[in-house]
Amino acid sequence: MLRSLVGSEMCIRDSLTFPGPVTAAFVSAYRPQASLAPPPDAPSGVLSRVLSGDQLLSVTLPLWGCFFMANYAGYGNFMWMNEFLAQTGHKDLAKLEYMVFAAVEAVGVVLTTVVIDKAERRTLLAAAFLSGGACILGGVLLMEYSLYLALFLIAMNAFFEQAVWCVLYVYAGEVYPSTVRNSATGLAMGPTRIGGVLSTTLGRYLMKIEVNLPFYLTGTALVLGFLLSLCLRPGKTGQGLDDF
């Protein structure tokens, strides 16, 4: 019995002196680790990052402009299309046109989701803005000459507007560093909603001047969005995001 206890004590002492794999793993797990280097200090404040020199002209201002133009055009076109069709003598087609809008917008979202990682973000955004503007301007101008072609172009405008929104949301979520990304994206999306407020408020007064005038302005807004999108720095298609 005494021999057994002495042998056990020697085994324990030997395992501490010459640790095996289990003992070594136990000791290393509790050994103090070298502290990781802290990340570099980032400038404090979201606005200081968003409005900094390297972001202001190549990201922030054109991005805010794109959101404003998309809001102005999207809300204005949807709000006043029913009144436009009524005043041009096609009120009976309004319900059908809005149903087509819904279907085309769904298709636009799905197709944009498919191609969003296959094309450069800025190029895709510019193409969607320009195509949407051309469709709404062409649709209202052709209304008295070719009804069904005009309705087709107006419906295609809804398709491209949804493409604009999809690309804008993706681009805005990638272009800023992670330290300010959520707040910077909110600043781009929130205040620019005033564009939708303006178009829905002014539309009735503009239509009293000229029935096509609200849509001339929404089409122009989309063309301006195209020009602003060309001022954006290239997107992050196929690249990692900035996490500093």
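Buried, in this talk, means under 20% relative accessible area, and exposed means over 50%. I start there because one arginine depends on that cut-off: Arg-121 has a relative accessible area of 3%, so it is buried. Please keep in mind that this is a predicted model.

Salt bridges come before the empty spaces. The count comes to two salt bridges, and Arg-121 takes part in both the pair with Asp-117 and the pair with Glu-174.

Take Asp-117 to begin with. In its salt bridge with Arg-121, the closest N and O atoms are 3.2 Å apart. Is Asp-117 buried or exposed? Asp-117 is exposed, because its relative accessible area is 55% and the cut-off for exposed is over 50%.

Now the other partner. Arg-121 and Glu-174 meet through their side chains in a salt bridge, at 2.9 Å from N to O. Arg-121 belongs to helix α6, residues 121–142, and Glu-174 to helix α7, so this pair ties together parts that lie 53 residues apart in sequence. Glu-174 has a relative accessible area of 14%, so it counts as buried. Through shared partners, the salt bridges join Asp-117, Arg-121 and Glu-174 into one network.

Next, the largest pocket. Its volume is about 220 Å³. There are 16 residues in the lining, and those nearest the centre of the pocket are Gly-74, Tyr-75, Glu-105, Glu-161 and Gln-162. Which helices supply at least two residues each to that lining? They are α4, residues 53–87, α5, residues 94–115, and α7, residues 147–175. Helix α7 gives the most, with seven residues. By class, the lining of the largest pocket splits into nine nonpolar, four polar and three charged residues.

On to the cavities. The structure holds two of 30 Å³ or more.

The largest cavity contains about 40 Å³ of space. Its lining is made of Tyr-72, Gly-76, Trp-80, Ser-199, Leu-202, Gly-203, Leu-206, Pro-214 and Thr-218. Helices α4, α9 (194–209) and α10 (213–229) each supply at least two of the lining residues, and α9 gives the most, with four. What does the lining of the largest cavity look like by class? It has five nonpolar and four polar residues, and no charged ones.

The second largest cavity has a volume of about 30 Å³. Ala-70, Ala-73, Gly-74, Glu-161, Val-164, Trp-165 and Leu-222 line this cavity. Helices α4 and α7 are the elements that give two or more residues to that lining. Its residues divide into five nonpolar, one polar and one charged. Two names come back here: Gly-74 and Glu-161 line the second largest cavity, and both are among the residues nearest the centre of the largest pocket.

To sum up by helix. Helix α7 gives seven residues to the lining of the largest pocket, gives two or more to the second largest cavity, and holds Glu-174, the partner of Arg-121. Helix α4 supplies at least two residues to the largest pocket and at least two to the largest cavity, and gives two or more to the second largest cavity.

Methods:
Residues are numbered from 1 along each chain as its sequence is written. This is a predicted model: local features need pLDDT of at least 70, side-chain atom pairs count only at pLDDT 80 or more; totals for chains, interfaces and linings use all residues. Side-chain values use heavy atoms; hydrogens and water are left out. On a 1 Å grid over the protein atoms alone, a cavity is a set of points where a 1.4 Å probe fits but cannot get out, and a pocket is an open set with protein on both sides within 12 Å along at least five of seven lines; lining residues have an atom within 4 Å of a point. Grid points are joined across faces, edges and corners, and a volume is the space filled by probe spheres set on the points. Ala, Val, Leu, Ile, Met, Phe, Trp, Tyr, Cys and Pro count as nonpolar, Asp, Glu, Lys and Arg as charged, and the others, Gly among them, as polar. A salt bridge is a side-chain nitrogen of Lys or Arg within 4 Å of a carboxyl oxygen of Asp or Glu. Buried means under 20% relative accessible area, exposed over 50%, partly exposed in between (1.4 Å probe, protein chains only).
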